[in-house]
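Please walk me through this structure in the viewer. Tell me what to select next and what is there.

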Amino acid sequence: MLEVRDLRVNYGAIRALHGVSLRVERGQIVTLIGCNGAGKSTTLRTISGLIRAASGDIVYEGKSIRSVAPHEIVRLGLAQSPEGRGIFSNMSVDENLSLGSFARGRHEKAAIAQDRERALTLFPRLRERLRQNAGTLSGGEQQMLAMARALQARPKLLLLDEPSLGLAPQIVQLIFRIIREINAAGTTILLVEQNAHMALQVANRAYVLEVGRIVMEGDAKELAKSDAVRKAYLGHG
Amino acid sequence: MSSLRENAKKLTPGLGETLVRGVWPFAAILLAALLMQFGLKPALGDGGAFYTKLVLDCGIAITLAVSLTMVNGFTGQFSMGHAAFMAVGAYAAAGIMYYGSARVLGTENFADPGAHAGLISTMLSDRQGADGSGVPLVSGADLLFLGAVLVGGLAAAGCGYLVGLPSLRLRGDYLAIVTLGFGEIVRVLIQSQTTDSLYDVQEIKAKAWYELPKYLGGPVGFTGLPFYTSLFWVFLFCGLTVLVAYRLKESTFGRAFLSIREDEIAAEAMGVDTTRYKVRAFVISAFFAGVAGGLYAHTVGVQLNAGELGFVKSFDIIIMVVLGGLGSISGAAIAAVILTLLPEALRDVAQYRMVAYALALITIMILRPQGLLGVHEVWNREAWPWLRKKRK
């Protein structure tokens with residue numbers, strides 16, 4: 001469904017990605033794990049068009065999207081829940097959700113209403129706070145809103161950037177359970193995470209990124225067992 | 001899927017509903033403007049010319065503040081050159097109205113609204129005579145005026161497009177400086193590239209039409225403009241500006257503007273073409289500023305001069321928007337009224353007027369740093385946090 005080939009990205013004179021390649025198959029959850037500054041978010045933002053690649057290619061459903069504008073990429077069915085959540089904090093929860101379906105046409109009105117209902121069933125907390133300003137939500141609720149909003153685009157591929165960042169362990173559990181549910185309902189997910197433990201539990205495939213390079217890849221369950229990963233990311237000496 | 005289609009049908013309003021919903025705000029605005037002209041003005045009486053003028057100034061100020069709200073408030077782009085759009089609109093409208101009526105009417109008194117304006121454009125009370133008999137409701141000159149004001153708005157919108165383009169690359173302080181520079185360029189160009197206006201109708205007729213833009217008054221200002229701006233025109237356009245702003249704030253289209261203010265990257269990730277929407281905000285906002293400029297130019301007691309429409313004027317409008325609350329339409333409107341009336345109310349303290357004005361501003365900004373209403377409207381409960389607390 002998505003194939004990233006030898007992606008190189010520069011920030012000015014500094015190279016952030018030194019040739020990253022990865023594949024996401026339809027229906028899977030694929031995770032990209034690694035430490036701070038490994039280039040995980042850069043990879044995701046390059047895929048969604050927010051950053052331009054210096055070289056390499058991004059192929060989505062057989063077409064290169066490397067030079068497609070970010071607002072067009074959303075229309076192709078690739079939605080992102082950005083790092084730091086990117087909530088529109090001075091707008092209500094409801095308005096945030098409706099911006100999620102911004103890229104969809106007027107003729108989809110009924111389908112959009114359906115998706116909104118579905119997201120609110122998935123995140124009942126949001127229904128209670130529909131008219132509240134999004135900025136007044138707790139961190140966990142904001143993360144739920146960011147995901148619910150991304151779902152309003154009815155994406156075929158959902159890009160999640162560090163959904164567990166700064167959340168209490170209990171909320172992290174909840175978020176990951178919902179990630180599984182979203183995937184079970186037919187949405188392919190590319191998940192960027194620092195919380196390798198949780199990410200490897202839900203994912204089918206995993207890639208390990210270190211200073212701009214993929215250093216390991218494979219089945220998520222296998223990787224979780226491998227010594228190198230256990231040592232570096234799972235805290236098992 | 002059939003239920004989906006049924007749902008879609010339910011959600012789509014019928015033709016009748018669309019018509020009623022689309023037309024009634026315009027009808028209401030037209031009615032309100034007519035009421036202002038034929039209800040309020042006579043009510044203020046012959047001695048009320050001063051108050052009539054104040055009401056009119058308030059209307060123009062509201063139009064300017066609300067139009068700037070679309071860029072600075074909704075879209076979060078800090079423009080400091082709003083008066084320049086006003087100047088473009090003012091000079092375009094003035095040129096068309098002044099030289100247009102000279103060409104069309106062709107009489108010596110072509111610039112005298114007392115001889116040509118209909119009741120709808122009558123500002124000075126002597127025009128109405130005893131009962132206004134014999135004067136048409138709408139004259140041909142009024143229509144020329146309407147056209148001139150609209151063309152002024154379009155000219156400003158064109159400039160808004162040009163100024164919107166750098167906003168694609170610049171943000172924050174840098175954009176503010178560019179817009180400030182644009183404002184000064186407009187002012188200097190008008191002052192240095194034009195010369196005294198022509199007074200003699202024969203002389204005007206002798207010039208080719210494309211030569212006339214050279215005679216817009218230059219540094220001394222464009223004098224002798226006819227006073228067609230009435231309460232009707234001001235509140236017609238003021239109402240339209242507020243309506244457009246409100247519809248923008250409440251629509252999907254307008255929410256795209258708000259999303260850019262809140263988080264540009266997230267907006268982009270939602271599928272908002274941020275560059276295009278920023279330019280659109282500038283164009284729409286500049287259009288209404290241009291219209292306000294056209295109205296301002298033809299106001300009683302105004303001597304159109306580009307020097308008056310420099311950055312000081314831009315700051316006046318910014319103060320209204322910030323004071324009202326960045327993003328609040330009603331806030332900007334209320335602040336526009338307060339700031340228009342305040343200097344008049346402080347007339348008694350004469351030389352300390354501007355000091356008192358500045359002190360009032362400082363006090364409000366300390367007490368309400370987010371502006372009077374923040375991003376909310378008067379009718380939103382969120383705008384009145386202290387009331388909510390009491391209820392609990």
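This tour goes from the interface to the pockets and then to the cavities. Keep in mind that the model is predicted.

**Stop 1: the interface**

Colour chain A and chain B separately. Select the residues where they touch: 26 residues of chain B are in contact with 27 residues of chain A. Together the two chains bury about 2200 Å² between them. Of that area, 66% is on carbon and sulfur atoms.

Now pick out B:R255, B:E262 and B:M270. These three supply 28% of the area that chain B buries against chain A, more than any other three residues.

Next, look for the salt bridge. The rule finds one across the interface of chain B and chain A. Select A:E95 and B:R255, whose side chains meet at 4.0 Å, N to O. The interface also has six residue pairs in polar contact, with both residues at pLDDT 80 or more.

Which elements of chain B give two or more residues to the side that touches chain A? Select α1 (2–11), α10 (252–262) and α11 of chain B. The largest share, seven residues, comes from α10(B). Colour this side of chain B by class, and you get 14 nonpolar, five polar and seven charged residues.

**Stop 2: the largest pocket**

Move on to the largest pocket, which holds about 2000 Å³ of space. It is lined by 48 residues. To find its centre, select A:S98, B:E250, B:S251, B:T252 and B:R255, the closest lining residues to that point. B:R255 is the residue from the salt bridge with A:E95.

Both chains take part in the lining. Chain A brings α3 (93–100) and α4 (109–122), each with two or more residues. Chain B does likewise with α2 (15–44), α9 (231–250) and α10. Which element gives the largest share of this lining? Select α10(B), with five residues. By class, the lining has 14 nonpolar, 15 polar and 19 charged residues.

**Stop 3: the second largest pocket**

Go now to the second largest pocket, with a volume of about 770 Å³. Centre the view on B:D57, B:Y296, B:K313, B:D316 and B:T340, the closest to the pocket's centre of its 26 lining residues.

Show the helices of chain B here. α3 (49–75), α13 (311–324), α14 (329–345) and α15 (353–367) each supply at least two residues of the lining. The most comes from α3(B), with seven residues. The lining divides into 14 nonpolar, four polar and eight charged residues.

**Stop 4: the cavities**

Switch to enclosed spaces. How many cavities of 30 Å³ or more does the rule count? The count comes to two.

Take the largest cavity, with about 40 Å³ of space. On chain A, select A:S48, A:L50, A:P70, A:V74, A:L78, A:A79 and A:Q80 from its lining. Add B:E268 and B:A269 from chain B. The elements that give two or more residues here are α2 (70–75) and β6 (78–81) of chain A, together with α11 (264–269) of chain B. The largest share, three residues, is from β6(A). The lining has six nonpolar, two polar and one charged residues.

Then select the lining of the second largest cavity, which also has about 40 Å³ of space. On chain A, pick A:V74, A:A79, A:Q80, A:G100, A:R149, A:A150 and A:A153. On chain B, pick B:A269 and B:M270. Here β6 and α6 (139–151) of chain A each supply at least two residues. By class, the lining has six nonpolar, two polar and one charged residues.

Finish by selecting A:V74, A:A79, A:Q80 and B:A269. These residues are in the lining of the largest cavity and also in that of the second largest cavity.

Note on methods: Residues are numbered from 1 along each chain as its sequence is written. Chains are lettered from A and ligands numbered from 1 in the order in which they are written. This is a predicted model: local features need pLDDT of at least 70, side-chain atom pairs count only at pLDDT 80 or more; totals for chains, interfaces and linings use all residues. Side-chain values use heavy atoms; hydrogens and water are left out. On a 1 Å grid over the protein atoms alone, a cavity is a set of points where a 1.4 Å probe fits but cannot get out, and a pocket is an open set with protein on both sides within 12 Å along at least five of seven lines; lining residues have an atom within 4 Å of a point. Grid points are joined across faces, edges and corners, and a volume is the space filled by probe spheres set on the points. Helices (H or I, at least four residues) and strands (E, at least two) are DSSP runs, numbered from the N terminus. Ala, Val, Leu, Ile, Met, Phe, Trp, Tyr, Cys and Pro count as nonpolar, Asp, Glu, Lys and Arg as charged, and the others, Gly among them, as polar. Contact means heavy atoms within 4.5 Å. Buried area is the accessible area (1.4 Å probe) that two parts lose on being put together, summed over both. A polar contact is a pair of N or O atoms within 3.5 Å; within protein, one must be able to donate a hydrogen and the other to accept it, and residues adjacent in sequence count only if both atoms are side-chain atoms.
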